[in-house]
Amino acid sequence: MGFSEKLILTLILLFICKGNCVNGATFTFVNKCEQTIWPGILGNPGIGSTGFELPKGSSRSFEAPTGWSGRFWGRTGCNFDDSTNNGSCTTGDCGSGTLECNGSGATPPATLAEFTLGSGSQDFYDVSLVDGYNLPMIVEVNGGTGSCATTGCTEDLNQKCPTELRIEGGGACKSACDAFGTAEYCCKGQFGSPSTCSPSVYSQIFKSACPKSYSYAYDDATSTFTCTGANYVITFCPSSLSSQKASKSEGTPDGSSSGTGTGAGTGSGSGSMPEAMLADGSWLANLATGDSNTRQPRGFVQVLQILLFTFVSLSLYFMQL
């Protein structure tokens with residue numbers, strides 16, 4: 001193969017891979033609350049931010065590579081200096097003293113969305129109340145294959161929080177582990193296994209209100225969900241799960257995933273490829289530029305990559321004959 005043919009092949013492979021061979025998923029944050037939320041991010045590797053401001057009615061997206069693992073949460077009642085970004089939050093504060101959390105997690109209580117992205121395999125995700133609750137939150141799936149169910153907690157648990165778990169001001173609800181610190185509530189020591197740590201009366205309050213969310217450390221069977229090749233939308237203060245498509249909101253967890261999720265804590269779009277996409281050639285341009293706003297399901301992109309690679313290889317082969 002001559003130099004010119006190698007150059008052509010290299011350029012075409014770069015064209016195919018740009019924006020698709022590295023990124024594992026797009027995470028989009030949507031604020032439907034009546035006030036500003038300051039999402040926090042803790043994960044590895046970094047995805048461009050560890051904390052940011054999300055005004056009422058706004059959204060923001062980030063790209064994460066395959067194999068990424070981490071968690072998201074919403075901070076409330078924050079006061080950050082406009083010039084230095086120094087400050088703190090009433091709930092969900094990460095203790096960094098700044099807008100960016102810089103590798104620190106949420107101070108309980110906080111509602112958590114947790115993800116582990118597969119490398120060509122299933123993603124695992126959940127919404128956890130193991131570290132308590134401060135905001136209603138759901139995770140929706142855009143694209144992907146598998147069960148890919150919507151999960152989360154739409155109830156205002158701050159209104160149902162037992163007095164002994166309620167923080168001052170009522171802006172969040174502690175877990176029993178955080179409130180009392182006993183091994184039984186924290187699933188530690190002699191209670192540190194699924195067979196010895198059972199749901200408490202407090203975790204059952206959370207589970208009754210939010211049946212798809214983790215309520216205690218070993219709640220995997222009904223709380224860990226899976227999907228392959230998807231993007232995810234994390235919405236704060238959603239109106240109701242009933243507004244979501246039944247095919248997604250009525251999904252059930254993958255029973256084989258028990259123990260694989262990350263729910264233990266420290267103690268918008270359709271999933272189908274619309275017909276309009278086939279009639280609108282703009283998505284092909286976006287494939288070349290890596291536009292995350294119109295990303296197609298990864299399975300489809302991978303098939304397209306294989307077809308293009310095969311075509312280029314055959315073309316170069318016949319050029320040498």
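Which residues have the most contacts inside the largest nonpolar core? They are Phe27, Phe29, Phe115 and Tyr232, and the core they belong to has 31 residues. The model is a predicted one. Several strands build this core. β1 (23-31), β3 (59-65), β7, β8, β9 (137-145) and β11 each supply at least two of its residues. β11 gives the most, with six residues. A second core lies apart from it, with 12 residues, including Tyr133, Cys153, Cys173 and Ala209. The general background is simple: nonpolar side chains tend to be buried together in soluble globular proteins.

Now the chain as a whole. The secondary structure comes to eight helices and 11 strands. The protein chain has 321 residues, and 46% of them are buried. Its accessible surface is about 15000 Å². Carbon and sulfur atoms account for 55% of that surface.

Phe27 shows what a well-connected core residue touches. Neighbours within four places in sequence are set aside here. Phe27 is then in contact with Arg60, Ser61, Phe62, Ala64, Trp68, Phe72, Phe115, Leu117, Tyr232 and Ile234. Two of these partners, Phe115 and Tyr232, are also among the residues with the most contacts inside the core.

Next, strand β8. It covers residues 123-128. How many of the residues of β8 are buried? Six of the six are, so the strand is largely enclosed by the rest of the structure. In a regular strand, side chains alternate between the two faces of the sheet. Both faces of β8 are covered. Asp123, Tyr125 and Val127 are buried on one side. Phe124, Asp126 and Ser128 are buried on the other.

β8 has strand partners. With β7 (residues 112-116) it pairs in the antiparallel sense, over five bridges. Ala113 stands opposite Val127 in that pairing. The two strands form a hairpin, with six residues between them. Gly120 sits in the turn and has a positive phi of about 80°. β8 is also joined to β11 (residues 225-236) by three bridges, and these two strands run antiparallel. Here Phe124 stands opposite Thr226.

Asp123 deserves a closer look. It lies in β8. Is Asp123 buried or exposed? Its relative accessibility is 0%, so it counts as buried. Its side chain is not without a polar partner: a polar contact of 2.8 Å joins it to the side chain of Tyr232. Tyr232 is also one of the core residues with the most contacts.

Turn to a helix. Ser203 has its place in α4 (residues 201-209). Its relative accessible area is 6%, which means it is buried, since the cut-off is under 20%. The side chain of Ser203 reaches the backbone nitrogen of Ser200 at 2.8 Å. Beyond its neighbours within four places in sequence, Ser203 is in contact with Ser215 and Tyr216. Cys177 is 26 residues away from Ser203 in sequence; the C-alpha to C-alpha distance is 9.8 Å.

Last, the backbone geometry. Most residues other than glycine have a negative phi, and most peptide bonds are trans. Where does this chain depart from that pattern? One place is the bond between Asn44 and Pro45, which is cis, with omega of about -5°. Pro45 lies in the loop between β2 (38-44) and β3. Another cis peptide bond joins Pro108 and Pro109, with omega of about 5°. Pro109 is found in the loop between β6 (87-88) and β7.

Two cysteines have a positive phi. Cys148 has a phi of about 50°, although it is not a glycine. It lies in the loop between β9 and β10 (151-153). At 1% relative accessibility, Cys148 counts as buried. Cys187 has a positive phi of about 55°, and it is not a glycine either. Its place is in the loop between α3 (183-186) and α4. Cys187 is buried too, with a relative accessible area of 9%.

Methods: Residues numbered from 1 in each chain as written. Predicted model: local features only at pLDDT ≥ 70, side-chain atom pairs only at ≥ 80, totals over all residues. Heavy atoms only, no water. Helix = DSSP H or I, 4+ residues; strand = E, 2+ residues; numbered from the N terminus. Buried < 20%, exposed > 50% of the residue type's maximum accessible area, 1.4 Å probe, protein only. Polar contact = N/O pair within 3.5 Å; in protein donor to acceptor, adjacent residues only side chain to side chain. Pairing = 2+ DSSP bridges. Areas by Shrake-Rupley, 256 points an atom, 1.4 Å probe, with all protein chains shown as cover. Core = buried A, V, L, I, M, F, W, Y, C linked by side-chain atoms within 4.5 Å. Contact = heavy atoms within 4.5 Å.
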